[in-house]
Amino acid sequence: MRDGTPGTRELRLQQALRRCWPGVLLALALSFVISLAMLIPPIYMLNIFSKVLDSGSIGTLLGLSGLALGGIVLYAVFSFLRDRLYMVLGRWLERQLGEELIEAVVGQSLRGGGNPAQSLRDIADLRSFVSGAALTAGLELIWSPLFVGFLFLLHPAYGLLCLGGGAVLMVLAVLNELLTREPVREANSRGVEAHARIGNALRNAEVIRAMGMMPAVMRLWRTDNAQVLELGDRAGLIASAMRSISRGVRLVLQIATFGLGAYLVLAHEAALGTLIAASMLTARALAPIDALIGGWRQFVTARLALRRLGEMARLDEDSREGRTELGRPEGRLELDRTVFIPPGQSRAVIKGVRLEIAAGETVALIGPSGAGKSTLARLIVGVWQPTGGAVRLDGHDVATWSRTEFGRHIGYMPQSVELFPATIRQNIARLEDGEPARVIDAARQAGIHALIGRMPNGYDTDLGDNLHLLTGGQRQRLGLARALYGDPALLVLDEPDANLDTEGQDALLEALRHAKRRGCTVVLVTHRPALLASSDRVVVMKEGAIERITTAEAVLRGPPPVAAAPTVLAAAPAMPPGQAQGAG
């Protein structure tokens with residue numbers, strides 16, 4: 001964080017994890033009861049040999065069998081309750097982490113880093129760990145000394161043999177961790193990178209199909225996947241070897257327990273029933289260690305997932321929710337010595353821009369490619385935060401607004417319009433159901449109401465299945481309707497007519513005139529003469545700074561002489577509402 005302290009999102013992540021502890025402790029208590037119930041079979045066998053066979057009493061046999069059956073039913077009930085607890089705890093954790101981290105995932109994506117799909121997989125991995133066998137083995141291991149103690153009661157030799165076997169298995173578990181830690185970590189890291197690369201490539205499906213790039217994409221996937229598989233195979237080979245050795249050790253211990261029991265019976269140091277009971281108790285005492293070795297990869301995967309999620313929460317900025325509601329803004333916009341350096345770069349792409357835009361004014365941003373126009377648009381709507389200076393709406397820093405409240409009063413359309421797999425109505429209403437009258441009004445302003453009427457289900461058409469029916473221009477007009485929804489006080493449009501035909505351009509111009517009439521502040525990134533003519537001022541940008549501020553008429557007449565630029569800047573305060581100043 002900027003102040004060096006953990007962010008609120010990281011603290012909430014830690015709090016969510018701490019709130020899991022009551023559930024884990026309850027699972028631990030249930031595991032204790034289950035472990036006690038697991039003592040029933042060896043106790044039953046001991047009594048069969050020591051009481052039933054010696055006395056020949058059928059009544060004793062029936063009584064013992066009834067008690068054993070009741071204990072087994074108790075074991076089954078508590079096992080079910082524990083498994084159900086795992087499921088509830090896992091779902092709760094996934095829901096809590098999802099709610100806390102989805103916004104962090106979006107923020108990380110905006111900073112040009114991270115892999116949203118991987119972050120969601122990390123949350124699912126934690127849920128699987130909590131509700132899986134690995135956690136069960138860890139909790140049952142805590143109660144293994146109970147079985148070892150019972151073995152000592154049967155005969156110290158049984159207990160010592162079990163302790164020796166447990167020590168060998170623990171050494172194997174530690175070796176498994178040390179030998180697989182790095183391969184598993186690297187395999188996970190390479191897997192994340194490979195998924196991100198192939199995901200980015202497949203988003204260009206049209207280009208791949210049109211230009212026959214599938215063989216190249218397949219080569220890219222094969223190369224990345226081969227590295228991931230090689231690292232995974234290396235870790236899997238080690239883990240498989242350790243599992244095989246541990247199973248072999250357990251079989252040896254089982255045979256050794258029978259052999260030791262037979263010797264003790266022959267030496268008249270133990271009863272015959274202890275032979276079978278000791279074998280069952282030894283197997284039960286060592287089963288959690290063997291399960292831990294077999295499921296160690298789940299522990300490693302969960303640990304890496306938790307680390308990645310923690311880093312993402314730590315890097316994400318403090319949540320902007322919970323701020324004091326400021327009400328609908330008038331639309332006065334101020335950029336005060338705004339500087340922006342993209343993450344991972346050292347060179348500023350926005351260099352000390354000063355610009356004031358009055359409420360209800362329409363300003364066009366023009367300039368060559370790479371001049372910083374789109375970046376400035378993103379800073380205005382708060383997609384990115386300035387590295388230096390500030391962007392203020394009605395005198396309040398955009399970063400201090402609640403994003404939910406801010407979004408209600410802002411309309412934004414980026415260069416590339418992405419629609420959601422939801423109905424047309426929900427897309428226009430920003431994923432809400434939306435009042436039909438407001439949705440239709442936004443569609444009419446964007447000139448797409450009639451087109452929507454020709455869709456299979458009108459406004460209720462699900463774009464998840466019908467997105468292919470829309471042209472680039474139609475998608476852009478839907479994006480414009482989404483930006484216009486709710487009559488925003490500030491409208492920021494980045495190349496809004498890039499894919500529009502004549503009808504769409506006419507609708508866009510009419511929408512801008514309507515916004516002007518109701519006092520909406522408009523910022524346009526465009527080079528189209530018709531849109532420039534609708535603006536009150538034109539801001540010419542070059543290399544991240546404002547080169548000059550002029551009028552649409554001056555721009556449309558042609559570029560002014562170079563020597564005239566300072567004169568235009570000097571005259572800026574006398575122009576229509578607002579003022580600006582560029583810092584080179």
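**Exercise 1.** How many bridges join strand β1 to strand β2, and do the two run parallel or antiparallel?

*Solution.* Keep in mind that you are working with a predicted model. Begin by locating the strands: β1 covers residues 333-340 and β2 covers residues 350-357. Next, count the links between β1 and β2, which gives five bridges, and read the direction, which is antiparallel. As a check on the register, find leucine 333, which stands opposite isoleucine 357 in β2.

**Exercise 2.** Find how β1 is joined to strand β4, and which residue of β4 stands opposite valine 339.

*Solution.* Locate β4 at residues 388-393. Five bridges join β1 to β4, and these strands run antiparallel. Then go to valine 339: the residue opposite is glycine 388 in β4.

**Exercise 3.** Decide whether asparagine 427 is buried or exposed, and list its contacts.

*Solution.* First place the residue: asparagine 427 belongs to helix α15, residues 424-428. Its relative accessible area is 1%, and the cut-off for buried is under 20%, so asparagine 427 is buried. Now set aside neighbours within four places in sequence; asparagine 427 is then in contact with Leu419, Phe420, Ala422, Leu463 and Arg482.

**Exercise 4.** Classify leucine 69 as buried or exposed, and name the nonpolar surface patch it helps to make.

*Solution.* Start with helix α4, residues 58-110, where leucine 69 sits. The relative accessibility of leucine 69 is 55%, and exposed means over 50%, so leucine 69 counts as exposed. Finally, gather the patch: Leu69, Val73, Val77, Phe80 and Leu81 make a nonpolar surface patch of about 470 Å².

Definitions and conventions: Residues are numbered from 1 along each chain as its sequence is written. This is a predicted model: local features need pLDDT of at least 70, side-chain atom pairs count only at pLDDT 80 or more; totals for chains, interfaces and linings use all residues. Side-chain values use heavy atoms; hydrogens and water are left out. Two strands pair if DSSP finds at least two bridges between them. Helices (H or I, at least four residues) and strands (E, at least two) are DSSP runs, numbered from the N terminus. Buried means under 20% relative accessible area, exposed over 50%, partly exposed in between (1.4 Å probe, protein chains only). Contact means heavy atoms within 4.5 Å. Patches are made of residues with over 30% relative accessible area and no salt bridge: like charges are joined within 9 Å, nonpolar side chains (Val, Leu, Ile, Met, Phe, Trp, Tyr) within 5 Å. Accessible areas come from the Shrake-Rupley method with a 1.4 Å probe; for residues, only the protein chains shown count as cover. A salt bridge is a side-chain nitrogen of Lys or Arg within 4 Å of a carboxyl oxygen of Asp or Glu.
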